[in-house]
There are 2 protein chains.
Amino acid sequence: MVGEIINVGTELLLGDIINTNAKFISERLANLGIDLYYQTVVGDNSERLTTILKTALKRSNLIILTGGLGPTKDDLTKEVVAKTLKIPLILNYPCYQEIKRKFEKRGIYMPRNNIKQALIPKGAKILPNPNGTAPGIYLQFNKKHIFLLPGPPKELQPMFLNSVENLLINYSDSQLTSKIIKTYGIGESGLVKLIDDLLENQSDPTIAPLAKVDGVHIRVTTKKNFSDLEKVVKIIQQRLKDHIWGYDDDQLDQLIVETMIDNKLSLSLVESCTGGAIASAITDIPGSSMVLDQSQVLYTLKSKSEFLSCNIADIPNSGIDYYLTEKLAKTILEKTGTDIGLAITGALGPTVPSGVEVGEIYISTVNNYKSITKKFNYYGTRENIKERCVMTALHQLRLLLREMCP
Amino acid sequence: MVGEIINVGTELLLGDIINTNAKFISERLANLGIDLYYQTVVGDNSERLTTILKTALKRSNLIILTGGLGPTKDDLTKEVVAKTLKIPLILNYPCYQEIKRKFEKRGIYMPRNNIKQALIPKGAKILPNPNGTAPGIYLQFNKKHIFLLPGPPKELQPMFLNSVENLLINYSDSQLTSKIIKTYGIGESGLVKLIDDLLENQSDPTIAPLAKVDGVHIRVTTKKNFSDLEKVVKIIQQRLKDHIWGYDDDQLDQLIVETMIDNKLSLSLVESCTGGAIASAITDIPGSSMVLDQSQVLYTLKSKSEFLSCNIADIPNSGIDYYLTEKLAKTILEKTGTDIGLAITGALGPTVPSGVEVGEIYISTVNNYKSITKKFNYYGTRENIKERCVMTALHQLRLLLREMCP
């Protein structure tokens, strides 16, 4: 079965809202093993929607339309589908009563417009919508499967999970199985070199590298059987070794917090250029209060000098410095008595002190036995560099944890 | 001019990532007054992309393609466009050198694959990409305007703002003029009540309220002339008064940093539940080092007690408390000698200490003359509550600044 999605709504074309429905449906179809070749967004325009629908009917046998089921004149998805397929719209009395009942429950008299929502193409199946007034619609037409779903995600998502998937599961050709391998410390092209032969000769399982902010991911997907996939994953593991830090849903911050909880380890930070973003990432994870004692976000020379009990004049290189960063990490470790200390200093730009480059970053991780301090050079916007700083700091922390908790 | 967007990437069809590029470009085109009729997503498949491109060339005169400019064999957007338009790809030497330089700066030898990124369709204009290796491309072909932009949003967005918009501005038919009014402290339905008559009778200018994380925004848009728009904005200003905190591109954190720089005011924070996220928001703004002295991210009872020089047993209500929060704000003000101190404590969940509710938040802002401490109750996920905490803290800071800098 080959599917496509048509999202109807001028608000999507104006960029007023983001198309979460396309992502949600795509992800669910991938899980069901149904191939999706196209997503199209079209405005609330009868002519253009008709053209898009006719194209879809030629090339796909599953068409999922979202949006345009509301009570206003702008909402024309159902009308266009009915007209294109030459199926009449008929008032469905149980639907009508259900909509009326929903208004009454909210203490509102049903506006006349909403009667439109009870018009259903003849022969269609109604998909209940407990979270809104517009029912979903499922049509079979010339061996094509056509779904009309409401636009609001809080209505669409439960309807998809509770009604659409049960209808689709019979038409899935083959369940796809995927494994995602997450790497760090190797660029996309460097990684491609190491598995060039696998990429070259791939058919099933397929292998797709994807650069993400936490490193390069590799998605291995099979339509056949799990043992084929396992073989390929094993080869990739042998090639990439310690570059691999996680799989599937693993998140770097979560991994760190869980490892530290399991090993009863505690952490304290000194953040300059990241301005609290490392602590914020760690404390996004429930349970992080068992791990993070504190982060000293020291943004001025004055605050750094007070923390180190020295004169401002003794802070080297405008506070962006290898030895200073190491000293900050060692001092927070000592002051807090935590198991690990991490400090970061750097210049995000756009303007920087003299003698310092934009993107010049120092990260130091220390425990009671060793310290690792590294210099990094990043380019890009202030935002990009900050994001990379957070990820690099978390990875440096992860590498220290790997030594401490083998 | 009629535009359309083609987003290329199998990861979009698999629902791995959300299509932020479509939203971003659509919004910018709307601002430029360029009509957008279609957004299409297609996978990394040469045949299907060719079909989609040919359809687009028939119906639109502006085509913006995103993604598929990377160094691997999967990346085929440039190749498909060149082949379809029958334009040869030629190695651009300055591009090649630029890519090589970027790798050298990171201390990496440029992999052979990346040479592919310096292949440019003959006669095309190159759009610089300071945030990645793939340059953007602009082609004019039979009065059609074709843009090829990199997929990663952090590369695409600055390229669009700095290069694409300057090229497009000449082709906009009718400049739409919009003004966005940003409010706080009033819900969407409360706000709608205050401007009910305006919403009811709107034609041009149009008026659209939209709930955002920093408060409810109202977008007023006209196709006619600016004085009509100004009249409506003035009426809304009279109705909403102090609920309005900003306009258009105003960002809350930026507004705060700028006001504080202008008035030579300094700030220090104590963050518990936000875990550094307030400091991180403020330090996103260039120049924030003139404003923020430090943030003490105190995540444990131990770190709070050390900061206040008291026993852990003296910290009330598991550290989530009205008077404790006020004391933390006063103590940081005293310790740092800054003009303003802000402290926040609260429970984000999912699990909370006994006697405390999920979403129970305290925020205290103090200066040398007064202190304001407030309790809030939020619901939602850990993430939602944290985001609302940051926004509420920034708004409370803004309200104090409004008194201090009238």
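**Figure 1. A cis peptide bond precedes A:Pro350 in a loop of chain A.** In this predicted model, A:Pro350 belongs to the loop that joins strand S15 (340-346) to strand S16 (360-366) of chain A. Look at the bond that leads into this proline: from A:Gly349 to A:Pro350 the peptide is cis, and its omega is near 5 degrees. Chain B offers a view of its own. There, the peptide bond from B:Gly349 to B:Pro350 is cis, with omega near 0 degrees. B:Pro350 sits in the loop between strand S15 (340-346) and strand S16 (360-366) of chain B.

**Figure 2. Helix H9 of chain B has a buried side.** Begin with the length of the helix. The 15 residues of H9(B), residues 226-240, should span 21 Å at 1.5 Å a residue, and this agrees with the 21 Å between the end C-alpha atoms. Which residues of H9(B) are buried? They are B:Asp228, B:Leu229, B:Val232, B:Val233, B:Ile236 and B:Leu240. These residues lie on the same side of H9(B), because the arc they cover around the axis is only 130 degrees. A general rule helps when reading such a pattern: an α-helix has 3.6 residues a turn, so residues three or four places apart point the same way. Turned away from the buried side is a face that carries the exposed residues B:Lys231, B:Lys234 and B:Gln238.

**Figure 3. Strands and helices of chain B cover the buried residues of H9(B).** What covers the buried residues of H9(B)? Among the strands of chain B that do so are S9 (177-183), S10 (206-212), S11 (215-222) and S12 (244-247). The cover also includes helix H7 (188-194) and helix H8 (196-200) of chain B. Follow the chain just past the end of H9(B) and you meet B:Lys241, whose phi is positive, at about 45 degrees.

**Figure 4. Two residues of chain A that are not glycine have a positive phi.** The phi of A:Lys241 is positive, at about 40 degrees, although this residue is not a glycine. A:Lys241 is placed in the loop between helix H9 (226-240) and strand S12 (244-247) of chain A. Is A:Lys241 buried or exposed? With 59% relative accessibility, A:Lys241 counts as exposed. A:Ser318 is not a glycine either, and its phi is positive at about 55 degrees. You will find A:Ser318 in the loop between helix H12 (301-308) and helix H13 (322-336) of chain A. The relative accessible area of A:Ser318 is 32%, which makes this serine partly exposed.

**Figure 5. Helix H3 of chain A has one face lined by buried residues.** H3(A) runs through residues 46-59, and at 1.5 Å a residue its 14 residues should span 20 Å; the end C-alpha atoms are 20 Å apart, which agrees. The buried residues of H3(A) are A:Leu49, A:Ile52, A:Leu53, A:Ala56 and A:Leu57. Seen down the axis, they fall within an arc of 140 degrees, so they line one face of the helix. The face turned away from them carries the exposed residues A:Glu47 and A:Lys58.

**Figure 6. Aromatic rings pair up in chain B.** Over all chains, the structure holds twelve aromatic pairs. One of them joins B:Tyr322 and B:Tyr323 edge-to-face, with 5.0 Å from centre to centre and 70 degrees between the planes. B:Tyr322 is partly exposed at a relative accessible area of 30%, while B:Tyr323 counts as exposed at 62%. B:Phe376 and B:Tyr378 form a stacked pair, 6.0 Å centre to centre, with 20 degrees between the planes. B:Phe376 counts as buried at 17% relative accessibility, and B:Tyr378 is buried at 11%. In chain A, one aromatic cluster is formed by A:Tyr322, A:Tyr323 and A:Tyr362.

**Figure 7. A charged arginine end sits over a tyrosine ring.** In chain A, the ring of A:Tyr38 has the charged end of A:Arg59 over it, 3.6 Å from the ring centre. In chain B, the charged end of B:Arg59 sits over the ring of B:Tyr38, 3.6 Å from its centre.

**Figure 8. An annotated domain covers residues 4-171 of chain A.** The name comes from an unreviewed UniProt entry, which annotates these residues as "domain: MoaB/Mog". The span is 41% helix and 23% strand, and its end C-alpha atoms lie 14 Å apart.

Methods: Residues numbered from 1 in each chain as written. Chains lettered and ligands numbered in written order. Predicted model: local features only at pLDDT ≥ 70, side-chain atom pairs only at ≥ 80, totals over all residues. Heavy atoms only, no water. Helix = DSSP H or I, 4+ residues; strand = E, 2+ residues; numbered from the N terminus. Expected span 1.5 Å × (residues − 1). Buried < 20%, exposed > 50% of the residue type's maximum accessible area, 1.4 Å probe, protein only. Arc of directions from axis to C-beta. Contact = heavy atoms within 4.5 Å. Phe/Tyr/Trp six-rings, centres within 6.5 Å; stacked < 30°, edge-to-face > 60°. Lys NZ or Arg CZ within 6 Å of the ring centre and 35° of its normal. UniProt positions renumbered as here; feature names shortened; annotations may be inferred.
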